[in-house]
Amino acid sequence: MGKFILSTGLILFVVLFTTELGVASAVWQRAHATFYGGSDASGTMGGACGYGNLYTDGYGTKTAALSTVLFNDGKSCGGCYRIVCDASQVPQWCLRGTSIDITATNFCPPNLALPNDNGGWCNPPRPHFDMSQPAFQTIAKYKAGIVPILYMKVGCKRSGGIRFTINGRDYFELVLISNVGGAGEISRVWVKGSRMNNWESMTRNWGANWQSLRYVNGQSLSFRVQLRNGKTRTANNVAPSNWRFGQSFSSNVQF
């Protein structure tokens with residue numbers, strides 16, 4: 001996405017809003033936002049990133065599904081964005097002076113049967129955020145349905161450590177990595193069993209799920225996680241040797 005040209009009034013609004021939020025040098029971009037999932041956001045649970053209960057996975061209701069161009073085949077899962085309703089275009093629908101930081105937890109699929117500007121909101125190449133209803137109503141009125149927004153990437157703030165949920169079966173460990181702070185978007189993962197001499201690289205299976213084809217049963221497991229900005233954290237012995245498939249473990253490390 002390239003930088004866009006703003007009117008003088010909107011430039012002033014963005015500068016003032018950026019200063020108010022304490023952002024030193026922000027690059028705002030244009031998109032649109034809708035909402036889904038109901039007033040309690042129950043319909044947002046699960047999704048294309050693989051997260052289950054968004055409350056236990058550390059995300060709550062401040063989430064959104066991303067259109068194809070933003071979702072990037074799941075590589076954007078866990079990333080965070082600051083969103084502002086563009087009051088210069090729809091002052092009647094925006095809640096002025098508000099913003100929200102959301103986490104990408106789902107994919108908004110295209111609807112190629114509808115035009116991009118009339119129902120096919122998530123069609124390529126449109127950048128679009130289908131926000132949870134509570135998140136949307138933080139910045140805009142419910143009756144708006146869809147609003148133009150300004151957005152930018154921001155760091156993720158999480159409570160507690162990175163979380164690892166081990167699914168799969170023997171010789172196929174499918175590990176969901178959640179509650180990731182910092183840049184949020186995971187680029188590489190390694191696993192090391194207590195009886196292994198070296199770290200073994202894992203591969204992205206889908207969304208925030210990473211896989212290993214190594215037999216690691218009966219070993220305590222350590223994980224090393226690298227984000228898109230290159231920062232790396234190591235969670236040593238986060239899963240004890242008696243771990244079982246379907247269990248989740250919280251580490252004591254965070255970005």
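I sorted the lining of the largest cavity by residue class and got seven nonpolar, two polar and one charged. The model I am working from is predicted. The lining has 10 residues, and Cys85, Ala87, Leu95, Arg96 and Gly97 lie nearest the cavity centre. I noted a volume of about 40 Å³ for this cavity. The structure holds one cavity of 30 Å³ or more.

Next I looked up the largest nonpolar core, which has 32 residues. Those that touch the most other members are Ile83, Ile102, Phe129, Met131, Val147 and Ile149. I then listed the elements that give two or more residues to this core. Strands 1 (29–36), 2 (63–66), 3 (80–85), 4 (100–107), 5 (128–132) and 6 (147–154) are there, together with helix 2 (68–71) and helix 3 (133–139). I also recorded a second, separate core of 24 residues, with Phe164, Phe223, Val238 and Trp243 among them.

I picked Met131 for a contact list, leaving out residues up to four places away in sequence. Met131 touches Ala33, Thr34, Phe35 and Tyr36, then Thr63 and Ala64, and also Ile83, Ile100, Ile102, Phe136 and Ile139.

Is Leu66 buried or exposed? I find Leu66 at a relative accessible area of 0%, so this residue counts as buried. Leu66 lies in strand 2. With neighbours within four places in sequence left aside, I have Leu66 in contact with Phe71, Ser76, Tyr81, Ala104, Asn106, Phe107, Cys108, His128 and Phe129. For one of these, Ala104, I looked up the C-alpha separation from Leu66, which is 6.6 Å for two residues 38 apart along the chain.

Technical notes
Residues numbered from 1 in each chain as written. Predicted model: local features only at pLDDT ≥ 70, side-chain atom pairs only at ≥ 80, totals over all residues. Heavy atoms only, no water. 1 Å grid on protein atoms, 1.4 Å probe; cavity = no way out; pocket = protein on both sides within 12 Å on 5 of 7 lines; lining within 4 Å. Points joined across faces, edges and corners; volume = space filled by probe spheres on them. Nonpolar A, V, L, I, M, F, W, Y, C, P; charged D, E, K, R; others polar. Core = buried A, V, L, I, M, F, W, Y, C linked by side-chain atoms within 4.5 Å. Buried < 20%, exposed > 50% of the residue type's maximum accessible area, 1.4 Å probe, protein only. Helix = DSSP H or I, 4+ residues; strand = E, 2+ residues; numbered from the N terminus. Contact = heavy atoms within 4.5 Å.
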